[in-house]
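Visitor: I've never looked at this one before. Could you walk me through it, one question at a time?

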Amino acid sequence: MLRKKRLVSNLSGCWTYIAIILSRETSKYWKIYEIILLEEEYFMETGMTREEAIAVLKKYNQESFHLLHALTVEGVMRWYAKELGYGEDEEFWAMAGLLHDIDFEKYPEQHCQKAPELLKEANASEALIHAVCSHGYGLCSDVKPEHLMEKVLFAADELTGLIGAAAKMRPSKSCCDMEVSSLKKKFKDKRFAAGCSRDVIREGAEMLGWDLNELFEKTILAMRSCEESVNNELAAL
Ligand SMILES: [Fe+2]
């Protein structure tokens with residue numbers, strides 16, 4: 001007799017499917033004969049609506065630069081979810097992007113440490129909190145990016161800052177006409193946007209198993225996809 005069970009295995013939102021094989025060869029009672037791990041999947045519930053996420057974002061962030069960054073990383077994560085075959089979890093990917101720096105403006109010394117408290121107040125799920133904290137892995141957090149979404153967030157966060165700064169230097173003030181070759185030059189120039197850590201970008205690409213070209217190309221496309229809507233929403237916030 002085979003029974004398939006779905007159990008929560010950890011707080012980061014990972015569901016585990018197991019098969020329980022029951023036996024009653026010698027007795028009238030069923031006994032557990034074997035438990036087999038079948039598969040694991042992430043269960044991506046945010047615990048909050050986008051309106052609630054915008055409200056908590058605005059509660060802890062007033063600077064236009066931070067709001068622009070949050071909306072940009074949200075749009076980038078939304079593009080990546082669809083691009084990488086996680087369209088059904090698009091809202092989760094997007095919300096992790098929107099809220100990833102929730103604590104940075106008010107608590108820069110406690111970045112990624114204060115975030116769980118602020119997000120719990122807003123009823124965010126444990127999976128969302130895990131994703132947010134993992135983007136500071138090795139810098140201000142010991143929560144390791146596990147899911148592909150978390151690795152993309154880690155890699156793209158810092159890179160969106162570099163692309164945004166490079167876009168400002170262009171006559172168009174946009175990334176819509178930016179090529180990978182031009183971004184590579186800015187990446188190599190350590191004095192340009194010196195606050196954007198090249199090491200973190202490299203580490204992110206490595207985590208994903210992508211070369212820098214692939215990460216640059218995809219992230220430029222992701223930023224192009226949302227540039228206009230992000231600017232419109234920022235103006236309306
Ligand atoms: Fe960020």
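Visitor: Let's start with a single residue: where is Asn 123 found?

Guide: Keep in mind that this is a predicted model. Helix H4 covers 115-121 and helix H5 covers 126-134. Asn 123 is found in the loop between H4 and H5.

Visitor: Is Asn 123 buried, partly exposed or exposed?

Guide: Let's count the C-beta atoms around Asn 123: there are 13 others within 10 Å. A residue needs 20 or more to be buried, and 12 or fewer to be exposed. With its 13, Asn 123 is therefore partly exposed.

Visitor: And what is the phi of Asn 123 near?

Guide: Asn 123 is a residue other than glycine, and still its phi has a positive value. That phi is near 70 degrees.

Visitor: Lys 173 has a positive phi too, I hear, so is Lys 173 buried or exposed?

Guide: Right, Lys 173 is not a glycine either, and its phi is about 55 degrees. Its place is in the loop between H6 and helix H7 (180-188). The cut-off for exposed is 12 or fewer C-beta atoms. Because Lys 173 has 10 others within 10 Å, it is exposed.

Visitor: Stepping back, what pattern does the chain follow along the sequence?

Guide: The secondary structure comes to nine helices and three strands. Reading along the sequence, you get β-β-β-α-α-α-α-α-α-α-α-α.

Visitor: How many residues of H5 are buried?

Guide: Across the chain of 237 residues, 36% count as buried. H5 is mostly covered, and its buried residues include Ala 127, His 130 and Ser 134. Of the nine residues in H5, the number buried is eight.

Visitor: Which residues have the most contacts inside the largest nonpolar core?

Guide: That core has 56 residues, and its largest share, 11 residues, comes from H6. One of the residues you're after is Val 132, which is in contact with Ala 96, Leu 99, His 100, Ile 102, Ala 115 and Leu 119, leaving aside neighbours within four places in sequence. The residues with the most contacts inside the core are Met 77, Ala 96 and Val 132.

Visitor: How are H3 and H5 set to each other: roughly parallel, roughly perpendicular or oblique?

Guide: The axes of helix H3 (residues 90-99) and H5 come within 9 Å and cross at roughly 50 degrees. Under 35 degrees would count as roughly parallel, and 65 to 115 as roughly perpendicular. H3 and H5 are therefore oblique.

Visitor: How many nonpolar residues does the contact of H3 with H5 have?

Guide: From H3 come Met 95, Ala 96 and Leu 99, which meet Leu 128, Ala 131 and Val 132 in H5. No polar and no charged residues take part in this contact. The nonpolar count is six.

Visitor: What about H6 and H8, are they roughly parallel or roughly antiparallel?

Guide: Helix H6 (residues 148-168) and helix H8 (residues 198-208) pack with their axes 8 Å apart, at an angle of about 150 degrees. Angles over 145 count as roughly antiparallel. H6 and H8 are therefore roughly antiparallel.

Visitor: How do the residues of the contact of H6 with H8 divide?

Guide: Among the residues in H6 are Lys 151, Phe 154 and Glu 158, and those they meet in H8 include Val 200, Gly 204 and Met 207. The contact divides into nine nonpolar, one polar and two charged.

Visitor: Which residues does Tyr 80 touch, not counting those up to four places away in sequence?

Guide: Tyr 80 is found in helix H2 (residues 64-83). It counts as buried because it has 25 C-beta neighbours inside 10 Å, where 20 or more is enough. The residues it touches are Trp 93, Val 152, Ala 156 and Ala 222.

Visitor: Last one: how far apart in space are Ile 220 and Thr 160, C-alpha to C-alpha?

Guide: Ile 220 has its place in helix H9 (residues 212-236), and it is buried, with 22 other C-beta atoms within 10 Å. Among the residues it touches are Ile 163, Cys 175 and Leu 183. Ile 220 and Thr 160 are 60 residues apart in sequence, and their distance in space is 8.2 Å.

Definitions and conventions
Residues numbered from 1 in each chain as written. Predicted model: local features only at pLDDT ≥ 70, side-chain atom pairs only at ≥ 80, totals over all residues. Axes fitted to C-alpha atoms, helices over the stretch in contact; angles between N-to-C directions. Helix = DSSP H or I, 4+ residues; strand = E, 2+ residues; numbered from the N terminus. Contact = placed C-beta atoms within 7 Å. Nonpolar A, V, L, I, M, F, W, Y, C, P; charged D, E, K, R; others polar. Core = buried A, V, L, I, M, F, W, Y, C linked by C-beta atoms within 7 Å.
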